[in-house]
Structures are given as structure tokens and as C-alpha cells.
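Here are my notes on the model you asked me to look over, set out as numbered points. Please read them with the structure open beside you.

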Amino acid sequence: MAQVPQRFFDALAVRTWCGLSLRALGRAREEIDAINVYPVADGDTGTNLYLTVESAVAAVEAVFAAHAVDAVDAGEPDAGGGPSLADAVGAMAHGALIGARGNSGTILAQLLRGMAQVLTAGGEPAHTDGPGLRLALRHAAESARQAVAHPVEGTVLTVASAAADAADDAADGTEGDCAAVARAAYEGARAALAATPGQLPVLERAGVVDAGGHGLVTVLAALVETFTGRAPDPKPVAVPHARVAHGGETAGECAAEDDESGPAFEVIYLLEAGDAAVARLRQRLDALGDSLVVVGGDGLWNVHVHVDDAGAAVEAGVEAGRPYRIRITHFGHGDAHTAGTGRPPRERTQRAVVAVVPGEGLAGLYTEAGATTVLARPGEPPASGELVQAVRRAHAREVVLLPNDAELRHTAAAAAEQARTEGIRVALIPTRSAVQGIAALAVHEPERRFDEDVVAMTSAAGATRHAEVAVAERQSWTTAGICQAGDVLGLVDGDVAVIGADVTEVAETVLDRMLAAGGELVTLVLGDEAPEAVTAHLEARVREAYLAVDTVVYRGGRQGALLLIGVE
């Protein structure tokens, strides 16, 4: 059905374009998915582009809705106009940024952001004309290319540049005519799309054009419809010298046969960080994998990369700022870590517990209780890759993960997310100390339903207060005052509560404070460097001062802290 054409690129044109783009991508989604062979033949480019634009549409509609509410509140519900061009394109760009999916969706988000940067420059114009649209398309192509760590020709970047070049040529004789600029950009993009197989061998072997480029042509066709009222004729794209897949294989299957050596995971997350931190992040992620695209700005970024170590990619984001909405996708099918071994994989157990432990003694204790352990030596916290390997080593359909350290919460979350992409059901219990892990493990029953087991273990861990006695390494401000290097510190639930000079005295003070709120069981884990007499003294203290409270003592080995204390 013909649309009412928009003469200028204003807020209403932005709304119309977004809606038409979403509708067009919905129709073309399966076709685009089917020709997706680069950079990974995972058959989701059309879907990712659709979801990216869907997020942009939602943001634009929210701006229009908010403007309507403001008009009603002002007593002018029938007043003409609407949101400004700056508000509309800003919402479009932001919506695409936070909703971007996949490599092509992330690049499309940057294309829209690049357009928005031009269209909102120099104040808040009510609309822009042909030359303004031409400048927006040019900046969009350049900013998208800059966002990709290693631009490759024959991709959506090539198509975007061709669209901008064609728009430049058209604008010379079409001052003020957005329709002519849009039509020229579309035709230039179509021609460039048809040429992509000659630029990228994997496309030529599969007999297809670039999927991301196809998606951009679809979006530009919607731009033409916005300004002319009619979509361009859907002429087929010529693919010169392309080999068509035979034998019922999809293009993706052909491409997979050509190259099975790419990274195993796609990692995407939003990141709140400054420009300098993001510059360092780009270098870090570029060394970890490929297909790196970092888009955004003004403190909010969308990060996309293909890696083998998904946890390391997330950890790099944690170091740069605050990552969230983390999505990790496994490219492989089945169990990628047993494929090609020449033997069938052994049967998985139903459930296992994986725990991080701070010393060899506790590792033995946890292992005797049936857990798979990861040793965290002092000053050497495990990376998420080590946790993922431990989850795989447990070889279970369901895994309960106990990080046993508040500082490992991001690492453990990244490991759990990566393991889930491999088909493993993982529950992360946020234990902050090994004594909380002991309490959780004590009530673990593999025969129970998974959810019931996780709830029971979480409850046991949460009901256990934890403390530790350690030696200060340097002068520092603490919640209990200033400590000096060599002072003995008593930490309760992560905060310094006592500063002293004698290990036994500090441990007794800490224990008394913990038992003042009640308790039934005291767990003491003695480190190698702690005085031998301290546990005997504390056991005697409990017997004498606290009736009906039991004490259990374990040796933790070289665990960092002199003493770990748990009170259930």
C-alpha cells in the first residue's frame, strides 16, 4: 500500500522510515538469514537486523508518546507538530544501540548513530533537506567503518560507502530533494551489493551476496518509500560469477565446509565507560578474537566480538567500565569440546557442584563431598575460562556454581553464561566465602529437583555469616580505623571490624561479635601460617560461653587468610 510521501527528513519521516524498515526486514528476514555466511555462517543476520530496528522503532514511538502526553498536560492535546528531529533521530540511534544484535546489527546501529550526529548538529532544526541527508549518509558510512577493528570489503561497510558515494553524486543537482538522494543511495547500494561476491571469496563460493549488505539495501528501500510513497521495484540482485549451492545444502552449510576454524563464541554487551577506557578495551579485545565492532559514545557503548574465551572478553569489559545485558552465543552445534575425538562422548551425570576454593586443604574437603574444584591461590584469582573448563569437567546436565568470593561474581556470571550456551543448566549461588560454600554443600541433595536443591543451598549459604582473620599488607583506611602494615585484621561479612596485634585475641573478638546474634554451628578453617593454638582456644571459648553451639575445624592449607570463620 502506498505511503504518504515525506518531503523533508523531519521527526515524522524518522518515524515512518523506522516503521517501514521494520516491516521490510520482517518480510526479508528469512531470505537474509539463509544467505548469511560471513563472518560466521550462523544464519541469523536477518533476525539480528530485525531485532535491532525493532528496538529503534520502540524508542522512537516512546518519544512520540511522551510528546503527546506533554501536550495533554499543557492543555493543548490538539496542538500540531510533534517531537523535534533531534529527539526522534536521537531516540532512533539510542534504541538501535541498546538493542543491537550480531555483527550486522551492531554496524547498523552505528550507521544510524552516524546519521543522528549530523542531523542533530548545529542546534535543533525542524527538518533537513537533500544535502543534509547526503551529509548524514556520508558520516554514517565513515563512522561505521571506524567502529570496525579490521574493515573488510564486500560487506555491509562496502555497501554503505557506495550508498554515500551515490548520494553525493545525486545531491549536486537535487538541492532540497530528499527523495532523489534516497533513491540514488538505494541504487548505489544495490549495485555494490551485487558486486560483493567478487570482493569476498566466501560469498562467491557459497553463491550469495553479503547478508548484512542485503539488510542495508532493504533499509534504504524503506527510506525511498518514506520520501516517494512507494517502495522501489523488488528487482533481483544479479550475482556475477557466483557458484550456486547444490545437493540441497544451504549457503551457510557450504561456507561451514570451507572454514570451520573460527572462534567459538559471539560476545555482545552494553558498556558504560569513558573514551580512554574503551580505546584500551578495543586493543584488548582485538588480541582476543575477531569481528570486533565497538559502537556508541557519550559514555554508552555496544561491544561485539567473536572469541574462544568468552569470559576473558567479559572480564575486559569489567576492567573498562560496567558491562551489562551480556549475551554469549556458541556458534557450534552439539558438544564442540568432544567433537572430532573419534569416540562417542561419555554419558553426562545429572547434577554436579563446581566450587572455587582458596587452599589445598579445602579443595580436598570439597572434593570428598563430591564437588569439582577450582583452586584460587593467594593473589591469583581464576579466570572465567578456568571456571568454564571446570563446569565442562564436571560433565553434568545441571551444575551449581559456588564462587566463594565476592570479587569473583562477574567472573562466575560470565562463566555461567558461557556454559549455558553449551546446553548446560547452570545456577550461580553468590557465595562470598568458602565457609558459605561449605554450608551450601552440606545440604546439597542431587536427588531433589534442581530448583529445590538450589533454593536449599542458597538458603544455607545466606544463613551463614562469614569472617576472616588476616594480616594487613600496608597502611590503609578501614571501617574500623587506620591500620598499619603487619596489623591483624578481623573482617566480618567483608568489612574490617577489628584491628589488633594478636591473632588469637582478634579471632576471639570477631567470634564473640558473630555469636552475639546467635548461632548453632561454628566452622573454623585454619591456614598454614596461623598459630596452632588459635583453634583450640576458640573451641574452648565456644564451649565455655555459648551453650548448644557446635564447632568444626578444617585445615585450609595455603589459603591467604590466617583463619576463616563461619557461623550458621
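The points below deal with one sheet, its strands and the helices that lie across it.

1. Please keep in mind throughout that this is a predicted model. The element to begin with is an open sheet of four strands, arranged in the order β4-β5-β3-β6 and paired in the antiparallel sense. β4 (289-297) and β6 (322-330) are the edge strands, and because each has a single partner strand, one side of each is left without a neighbour in the sheet. From one strand to the next, the twist averages 10°.

2. At one end of that order, β4 and β5 pair antiparallel through seven bridges, and Gly289 is found opposite Val307 in β5. These two strands, β4 and β5, make a hairpin with two residues between them, and within the turn Asp298 has a positive phi of about 55°. Although β4 stands at an edge of the sheet, this strand is mostly covered, with seven of its nine residues buried.

3. Turning to the other edge strand, β6 is joined by seven bridges to β3 (residues 265-272), and the two run antiparallel. Within this part of the sheet, Ile268 stands opposite Arg327 in β6.

4. Two helices deserve a look alongside the strands. Helix α12 (residues 310-320) lies across β3, β5 (300-307) and β6, and its direction is at about 10° to β3. Helix α15 (residues 409-421), for its part, lies across β3 and β6, running at about 25° to β6.

Terms used: Residues are numbered from 1 along each chain as its sequence is written. This is a predicted model: local features need pLDDT of at least 70, side-chain atom pairs count only at pLDDT 80 or more; totals for chains, interfaces and linings use all residues. Side-chain values use heavy atoms; hydrogens and water are left out. Two strands pair if DSSP finds at least two bridges between them. Axes are lines fitted to C-alpha atoms, for helices over the stretch in contact, and angles run from 0 to 180 degrees between N-to-C directions. Contact means heavy atoms within 4.5 Å. Buried means under 20% relative accessible area, exposed over 50%, partly exposed in between (1.4 Å probe, protein chains only).
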